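Trainee: Could you take me through one part of this protein in detail? I'd like to follow a single strand and its partners.

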Amino acid sequence: MNWLFKEEPTHYSYDDLVRDGKTSWTGVRNPVAQKHLRSVKKGDRIFFYHTGNEKSVIGVAKAAADSYADPADESGKLYAVDVLPVRKLKQPVTLAAIKGDKFFASFALTRLPRLSVMPVTDDEWNRIEGMAK
């Protein structure tokens with residue numbers, strides 16, 4: 001599977017992930033985003049998206065392992081995923097560019113702008129990768 005994970009770069013950027021070599025993706029509270037996070041499996045590809053002022057797909061990461069119960073959540077309902085950096089995109093792909101392409105009319109990023117974890121189809125993945133060149 002392919003995913004897009006969103007994060008505010010002032011909180012944790014793609015460069016922070018590269019520096020750290022690995023991070024635990026935690027703190028997701030939205031039930032739909034949690035459902036997606038629970039579905040992440042080892043090796044899944046992840047687009048790292050910077051929210052805030054940037055609003056761009058910045059890099060590629062991958063799931064280091066299957067999702068697991070978030071150890072910081074006493075309720076046992078929340079999940080987390082360990083994420084590894086793969087590579088930074090040659091050029092960021094902006095939300096404006098994605099919204100400007102009719103191909104993405106049904107893409108979750110354009111339809112559900114507040115969702116922090118969302119699936120990405122192979123065709124969507126390939127199109128975004130092409131836009132980054």
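Mentor: Happy to; here is a close look at strand E6 and its pairings, followed by the chain around them. This is a predicted model, where local features need pLDDT of at least 70, side-chain atom pairs count only at pLDDT 80 or more, and totals for chains, interfaces and linings use all residues. Residues are numbered from 1 along each chain as its sequence is written, and side-chain values use heavy atoms, with hydrogens and water left out.

Strand E6 covers residues 79-94. Helices (H or I, at least four residues) and strands (E, at least two) are DSSP runs numbered from the N terminus, and two strands pair if DSSP finds at least two bridges between them. With E4 (residues 56-63), E6 runs antiparallel, joined by seven bridges; here glycine 59 stands opposite lysine 88. Strand E2 (residues 23-25) is also antiparallel to E6, through three bridges, and its threonine 23 has valine 83 as bridge partner. Two bridges pair E5 (residues 68-69) with E6, again in the antiparallel sense, and there alanine 69 partners tyrosine 79.

Now for the surroundings. The protein chain has five helices and seven strands, in the order β-α-β-α-β-β-β-β-α-α-β-α from the N terminus. Its C-alpha trace spans about 40 × 30 × 25 Å along the principal axes. Of contacts (heavy atoms within 4.5 Å) between residues at least 6 apart in sequence, 69% join residues at least 24 apart. Buried residues (under 20% relative accessible area, 1.4 Å probe, protein chains only) make up 45% of the 133 residues.

How values were computed: Buried < 20%, exposed > 50% of the residue type's maximum accessible area, 1.4 Å probe, protein only.
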